Amino acid sequence: MTGPLPIKGVRDGLLVTLPDGAWHDVRATLLATIDARGDFFRGARLALRMDDRALGAAELGSLRDLLAERDTALWAVLSSLPSTRAAAADLGLQTTLTSSSSSEDDEGLPESEEEFPQAVFLQRTLRSGQSVRHPGHVVVLGDVNPGAEIVAGGHVLVWGRLRGVVHAGAAGDANATVAALDLAPTQLRIAGYIAVSPQKRGTVRPEVALIRDGHLVAEPWEGDARR
Amino acid sequence: MPAKVVTITSGKGGVGKTTATANIGVALASAGARVVCLDADIGLRNLDVVMGLENRIVYDLVDVVEGRCKLRQALIKDKRLPELHLIPAAQTRDKTAVSPKDMVRLAEEMRPEFDWILIDSPAGIERGFRNAVAPADIVLIVTNPEVSAVRDADRIIGLVEAEEKGPAKLILNRVKPEMVRRGDMLATADVLEVLAIELIGVVPEDDTVLVASNHGSPAALDGKSRAGRAFRDIARRLNGETVPFEDVEGGDGLFGRLARMVRQGGQV
């Protein structure tokens, strides 16, 4: 591990690409780079590109604290690993370089030539402020609370209550669907279509939302609703 | 036995963190435990006011952290309960005067001397919050039965989990039984359905709390106060006792649902 790390100015801060190697050494190199540049990093927002390095919330949290001591804010973690991205999202960090409300242009989602697993599976409650972004499908075994957000390139399937904001087919796929045992999202989007849940809440039943004849509709979820 | 560190937090302001900290502290100390209440709301301190110890402050949390005094010098003894102590926040500084590491070090220094260290967290999700939860063994989330407070509590629970301090426990504060019965206020079961964490206390709205806070004499000292009794129950549950939940909301149907959820440990 020699020499300073490559630093790139991006629109909202500084982007540093971390090399491979033991996390302890890489972290030391990063901090040494910052210390050596003095005021250059003071007050800066830092995005770290770390490819497929597996880091948990504890490691990212302690890194954030070490950076905070140097007056540098950890702002985003770019990783191809969903687990690292989820840990970063849990700490309130961005996992893409675009602003969090990507509605029109979805450049936040990696292009298709990048390698990613087809679907991510989450077995937990997604709470307010937590965000899951994945270019493939997203499956949640648990509730998605109001204030939480799911943005998927493909389908979204929630085995639980869906109360947050959900966007399926975010890269433009109008064949994507959103299914949940209790489908009552704050806002639901499929590709470029957008809808809010109707107020009436009778008996709760599983539903699937899809685009049919140019309209975003919710239908009873009966397994073959897509066909 | 070294002290357990309990952080009381909420996200939203004004839901009763400081009141809860003072009352749980009083309840634990009345039962004979050695307790220190630590005000982490630097710049907006008021735990000292609620505990009625404002006029005894000489040194504060920031003085200890920055080495201007010994920890012992900043500890204020309560005027009623000999085992209750307060470390006040600094009023003339802000949250950045202290780091999460400082808080962990301070808590470690106090652990051998006490049974309980209660930390009153500031509102918000920024530095002050991270300072307050850094040393925590147990995190208590205070919320009110209103949608915005529950939303913020949900956010905080997620952050507590991310800091690997979970699972947090829930105090539902300022419940108005008659409004719940009319269906105008979220019932305990409704709140638990969203938050899905273990309930440790339901505190009814009670005018004596406000009066007691204004007089610097927490309601838990008052044997007749309903809210005071709820806070004493929370203290007992912290001690590992099984205390049945008082039927604050009235009506068997609701209470049945609540009891069922409590037995499930909040795993909905």
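How many helices and how many strands does chain B have? I began with this count, and I found 12 helices and eight strands in chain B. I note at the outset that I am working from a predicted model, and every entry below should be read with that in mind.

**Chain B as a whole**

I looked up the overall dimensions next, and the C-alpha trace of chain B spans about 55 × 40 × 35 Å along its principal axes. The radius of gyration of chain B is 18 Å, close to the 18 Å that the globule rule gives for 268 residues, so I put chain B down as being as compact as a globular protein of that length. For burial, I noted that 54% of the 268 residues of chain B count as buried. Turning to contacts in chain B with a separation of 6 or more, I found that residues 24 or more positions apart account for 76% of them.

**Chain A as a whole**

For chain A I wrote down three helices and 15 strands. Of the 227 residues in chain A, 39% are buried. I also looked at the contacts in chain A between residues at least 6 apart in sequence, and 36% of these join residues at least 24 apart.

**The two domains of chain A**

The domain assignment divides out domain 1 of chain A at 7–90 and domain 2 at 119–220. I looked up how far apart they are, and the C-alpha centres of domain 1 and domain 2 of chain A lie 31 Å apart. Their contact takes four residues from domain 1 of chain A and five residues from domain 2 of chain A. On the side of domain 1 that touches domain 2 in chain A, I recorded three nonpolar residues, one charged residue and no polar ones.

**Strands E2, E3 and E4 of chain A**

I then followed the pairing of strand E3 (residues 45–49) of chain A, which pairs with strand E2 (residues 13–17) of chain A in the parallel sense over four bridges. Strand E3(A) is also joined to strand E4 (residues 73–78) of chain A, by five bridges and again running parallel. Arg49(A) turned up in both lookups: Arg49(A) in E3(A) is the bridge partner of Thr17(A), and Arg49(A) stands opposite Leu78(A) in E4(A).

**The six-stranded sheet of chain A**

Six strands of chain A form an open sheet, which I traced in the order E5-E7-E9-E11-E14-E15, with mixed pairing. Strand E5 (119–122) and strand E15 (215–220) of chain A stand at the edges with a single partner strand each, so one side of each is left without a neighbour in the sheet. On average, and with direction ignored, neighbouring strands of this sheet are turned by 25° against each other. At the E5(A) edge I checked the pairing in detail: four bridges join E5(A) to strand E7 (residues 137–141) of chain A, and the two run parallel. Within that pair, Val140(A) in E7(A) is the bridge partner of Leu122(A).

**Where chain A meets chain B**

My last lookup was the interface, where 15 residues of chain A are in contact with 12 residues of chain B. Which element gives the most to the side of chain A that touches chain B? I found that helix H2 (residues 57–69) of chain A does, with four residues. By class, I wrote down seven polar, four nonpolar and four charged residues for the side of chain A that touches chain B.

How values were computed:
Residues are numbered from 1 along each chain as its sequence is written. Chains are lettered from A and ligands numbered from 1 in the order in which they are written. This is a predicted model: local features need pLDDT of at least 70, side-chain atom pairs count only at pLDDT 80 or more; totals for chains, interfaces and linings use all residues. Two residues are in contact if their C-beta atoms, placed from the backbone, lie within 7 Å. Ala, Val, Leu, Ile, Met, Phe, Trp, Tyr, Cys and Pro count as nonpolar, Asp, Glu, Lys and Arg as charged, and the others, Gly among them, as polar. Domain bounds come from an automatic or database domain assignment. Two strands pair if DSSP finds at least two bridges between them. Axes are lines fitted to C-alpha atoms, for helices over the stretch in contact, and angles run from 0 to 180 degrees between N-to-C directions. A residue is buried if 20 or more other C-beta atoms lie within 10 Å of its own, exposed if 12 or fewer, and partly exposed in between; C-beta atoms are placed from the backbone. The radius of gyration is taken over C-alpha atoms; the globule rule is 2.2 Å times the number of residues to the power 0.38.
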